[in-house]
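User: Please take a close look at a single spot in this model and then work outward from there to its surroundings. I'd enjoy one connected walk-through rather than a list.

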Amino acid sequence: MEQITIITQYFYPSHAATAQLMTDLAKGLSQKGYQVNIFTGTQAKNTTPELSNQAIINRAFSPIAASTSILSKIISSIFFILAALKYVILLPRTTPLLIASNPPYAGILGTIFKIVCGEKYHFLLQDIFPESAVMSGITQQNSFLFIFFKKLIYLTYKYADNIIVLSTSMQCFLENKYPELKEKIKVIENWAVEDIISCDKQANHFAQQYNLDKVFTVLYSGNLGRLHDIETIAEAANILKNAPIQFVFIGDGAKTKVLKQAIQSNKLKNILLLPYQPREILHLSLTACDLSLVSLIPGAESIVAPSKLYGMLAAGIGIIAISSANSYIDQLLTNSGCGINTPPNNPQHLANLINELASDSIKVKLMGEKARQVYESKYTFKRALAEYEKLLFGI
């Protein structure tokens, strides 16, 4: 029986996008008959995912609770890396690795595995580091930390059998930076973690619970991270505070404080903040709106690929994206007609667009229908699983 070992700090039951995606992948591969070993830093909390007998989950101890603070993330990642290093060194020599870049320097485990054991590893980039740290304001370009991690990450790339990225924009960025590694860089786009069953908003229990069925609703669902242009959305909500339009944010992250500050400073009643919702009701939470939002700060489209995009496509909801002109998100929305791209740092433009669409139900409905068509043609899990199987096992 062929096998693969997946190293990922985040896994079930974490709500993080990486956790859900890696859980899907492990489950999918195990159900196809592969032996899948998972090593993760996410604690079980007395629950286990519905994986087949071909999947074995190993969980590292961490004394740090989940948090959005940089310090806690660094400490928890160090504990994870040390535990994973021991696990990897003791692995059977014929077991290839798939390493998710959480933490971003987890690839060093593969480098050690390659040098010590001489076996294969594949490195899956959730974002391109340390450039993402510079964009997030965590470090400065050409600082000691940037230079150190740049060299460390290059070793990860150099020794990896494949470097998996999530978009063509990320692929182009790496190919331009490391042309000698071009043949190793492969694109496998993410997928919607649920095949959302269409639910009319007026009959949606989640929408009814929060009175969203009575007002035009714009939804942002997912990580509120440092690379997301939350400031533009918050200011647009302030501009529209007297309009019959409700903004809903489901999730958490470093920029949650931006929204809380906006609500407090401007006395906004048109922003509703909710925590991550259980996966079991995603079909309700993602369809309890009229429009959805995806946002990136300028330049981030080459560094990261927001997974929330695929869930909204599956939900059949039209998308407003905040990203640089001609980004891969802009091209996807424009070419398919499932959404509209608007520039970062321009809240008035965003507010005008939302206000205009709130009065054009036909266009909003058409965008949603095209979003679902795009999902079915390009972003199902079945497609992604086949691409991973081909890359990992040559099938």
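Analyst: Let's begin with the yardstick for exposure: under 20% relative accessible area a residue is buried, over 50% it is exposed, and in between it is partly exposed. Keep in mind that this is a predicted model. The spot I'd pick is Gly316, which has 23% relative accessibility and therefore counts as partly exposed.

Where does Gly316 sit in the chain? Gly316 belongs to the loop that lies between helix H11 (308–315) and strand S12 (318–322). Its surroundings also bring together distant parts of the sequence. Ile196 is 120 residues away from Gly316 along the chain, yet their C-alpha atoms are 8.2 Å apart in space. If we leave aside neighbours within four places in sequence, Gly316 is in contact with Gly368, Glu369, Ala371 and Arg372.

Two of those partners, Gly368 and Ala371, lead us to helix H14, where both are buried. Helix H14 covers residues 361–378, which makes 18 residues, and its span from first to last C-alpha is 26 Å, close to the 26 Å expected at 1.5 Å a residue. The buried set in H14 also includes Val364, Met367, Val374 and Tyr375. These buried residues occupy an arc of only 120° around the axis, so they are on the same side of H14. The helical repeat helps here: an α-helix has 3.6 residues a turn, so residues three or four places apart point the same way. Ile362, Lys365, Gln373 and Ser377 are exposed on the other side of H14.

Now follow the loop of Gly316 in the other direction, to strand S12 (318–322). S12 belongs to an open sheet of six strands with parallel pairing, in the order S10-S9-S8-S11-S12-S13. At the edges stand strand S10 (271–274) and strand S13 (339–342); each has a single partner strand, so one side of each lacks a neighbour in the sheet. From one strand to the next, the twist averages 20°. Toward the S10 edge, strand S9 (residues 245–250) runs parallel to S10 and is joined to it by four bridges. In that pair, Ile250 stands opposite Leu274 of S10.

Two helices that pack on this sheet both touch S12. Helix H12 (residues 328–336) touches S11, S12 and S13, and its direction makes about 145° with that of S13. Helix H8 (residues 230–239) lies across strand S8 (216–221), S9, S10, strand S11 (291–295) and S12, and runs at about 150° to S9.

For context, the model holds another open sheet, this one of seven strands in the order S3-S2-S1-S4-S5-S6-S7, again with parallel pairing. Its edges are strand S3 (55–59) and strand S7 (185–187), each with a single partner strand, so one side of each is left without a neighbour in the sheet. Here, too, the twist averages 20° from one strand to the next. Strand S6 (residues 162–165) pairs with S7 in the parallel sense over three bridges, and Ile163 stands opposite Ile185 in S7. Helix H6 (residues 168–177) lies across S6 and S7, running at about 170° to S7.

Methods: Residues numbered from 1 in each chain as written. Predicted model: local features only at pLDDT ≥ 70, side-chain atom pairs only at ≥ 80, totals over all residues. Heavy atoms only, no water. Pairing = 2+ DSSP bridges. Axes fitted to C-alpha atoms, helices over the stretch in contact; angles between N-to-C directions. Contact = heavy atoms within 4.5 Å. Expected span 1.5 Å × (residues − 1). Buried < 20%, exposed > 50% of the residue type's maximum accessible area, 1.4 Å probe, protein only. Arc of directions from axis to C-beta.
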